[in-house]
Amino acid sequence: MMPVSRQPVKPAMEISAFSYQKFVRFTLEQTQSRIDLIPLPLQEKYKCMKAVDQKTMLQTLSFQAPKIRMLRSLTIEGGQSMQVLDFAVFPEPEFDLPIFCANFFTAASMNIIVLDLNPLHDVTVQREYREKYYKSLMPLGQKYVELLPWGDKITSESLRFFSPIVIWTKFTSSQYKHDVLYSAFVDYFKAWLELMDHAVAETNASQILRNQEAQHKYLTWRAEKDPGHPILTRLIGDALAKDLVRNFLFNGVATLGSKSFLDYFPEYRCEDGTINKRRSMIGKSFETRPWDASGEYIGNEL
């Protein structure tokens, strides 16, 4: 009898050999080829931090440019335990551009991924805004629907900050999956840069204020409910984590508006007047993508 040939079992991907720095370098190269990036003072304050374990490193970058209020990144390199990228680009209030958002968490057994051009205005109800920015991008979104499938349940309260092309997915680490993720990141960022190139500044003062308040509402939600906050607290302590979240990651909470979290989201008020700390508690949960291939919201039918 001939011996049975067995395929060698590939070992799990060593995440300590993986880094999100390539993603950050790509964004800087692409952006600087179009406009001048000016470093923000925040970059020096938070530039490089070592976690309390004396092993995990946190690195930040932040810039401003014409049309861009803030381009910033946070990478966390924790060896085999975790690799994190939190990257965003916030437009100036004179532009109603979407907010580029990449939140990638890689651990030994799982990757949790959100990649999107977050809408400044709610696309589940504001059709005109959806048509303006996302109609032409639907083929791009559809390209990755099967490669990076819908991750898990998500509630409608979080959904209001997502677009019809959002990539919300989970997967176990492999070189193939990380290559697909990099490809998606490249495509989405190039798409955002194209939107920026063609964006025309708003001159109507009331619309500029509307854009500013919409961005402030977004920042206020993220600063309070961002799922990465507990990880930062564990790595660098509560005081520094709060400072990093409010003054760097979601810079603008204290300057773009005066409304509080409970002004925007009164449903989170507890009887004693404090904020309910549960992250997701309001609205319907969606186990599948609540937009069709044309970008039409179908959440009410699911």
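In which strand is Thr106 found? Select residues 99-107 in this predicted model, and you will have strand β6 on screen, with Thr106 in that strand. Thr106 counts as buried, because its relative accessibility is 0%, and the cut-off for that label is under 20% relative accessible area. Now add Tyr20 to the selection and show both side chains, since a polar contact of 2.6 Å joins the side chain of Thr106 to that of Tyr20.

**Helix α1 and Thr27**

Move next to residues 21-32, which form helix α1, and pick out Thr27 within that helix. Thr27 has a relative accessible area of 0% and is therefore buried. If you display the backbone of Val24 as well, you will find that the side chain of Thr27 reaches the backbone oxygen of Val24 at 2.7 Å. With residues up to four places away in sequence left aside, Thr27 touches Phe87, Phe185 and Phe189, so keep these three phenylalanines in view as you go on.

**From α1 to α6**

Select helix α6, residues 175-198, together with α1, and look at how the two axes come within 11 Å and cross at roughly 25°. An angle under 35 degrees counts as roughly parallel, and α1 and α6 are therefore described as roughly parallel to each other, with a crossing that is right-handed. On the α1 side of this contact, show Lys22, Phe23, Phe26, Thr27, Gln30 and Thr31, and on the α6 side show Leu181, Tyr182, Phe185, Val186, Phe189, Lys190 and Leu193. Coloured by class, the contact of α1 with α6 has eight nonpolar, three polar and two charged residues. Thr27 belongs to the α1 side of this contact, and Phe185 and Phe189 to the α6 side.

**The pair α8 and α9**

For the last stop, select helix α8 at residues 229-236 and helix α9 at residues 238-249, which pack at an angle of about 130° with their axes 7 Å apart. That angle makes α8 oblique to α9, and α8 passes α9 in a right-handed crossing. To see which residues meet, show His229, Leu232, Thr233 and Ile236 in α8, and then Asp238, Leu240, Ala241, Lys242, Leu244, Val245 and Leu249 in α9. By class, the contact of α8 with α9 has seven nonpolar, two polar and two charged residues.

Notes:
Residues are numbered from 1 along each chain as its sequence is written. This is a predicted model: local features need pLDDT of at least 70, side-chain atom pairs count only at pLDDT 80 or more; totals for chains, interfaces and linings use all residues. Side-chain values use heavy atoms; hydrogens and water are left out. Axes are lines fitted to C-alpha atoms, for helices over the stretch in contact, and angles run from 0 to 180 degrees between N-to-C directions. Helices (H or I, at least four residues) and strands (E, at least two) are DSSP runs, numbered from the N terminus. Angles under 35 degrees count as roughly parallel, over 145 as roughly antiparallel, 65 to 115 as roughly perpendicular and the rest as oblique. A crossing is left-handed if the near helix is turned anticlockwise from the far one by less than a right angle, and right-handed if clockwise. Contact means heavy atoms within 4.5 Å. Ala, Val, Leu, Ile, Met, Phe, Trp, Tyr, Cys and Pro count as nonpolar, Asp, Glu, Lys and Arg as charged, and the others, Gly among them, as polar. Buried means under 20% relative accessible area, exposed over 50%, partly exposed in between (1.4 Å probe, protein chains only). A polar contact is a pair of N or O atoms within 3.5 Å; within protein, one must be able to donate a hydrogen and the other to accept it, and residues adjacent in sequence count only if both atoms are side-chain atoms.
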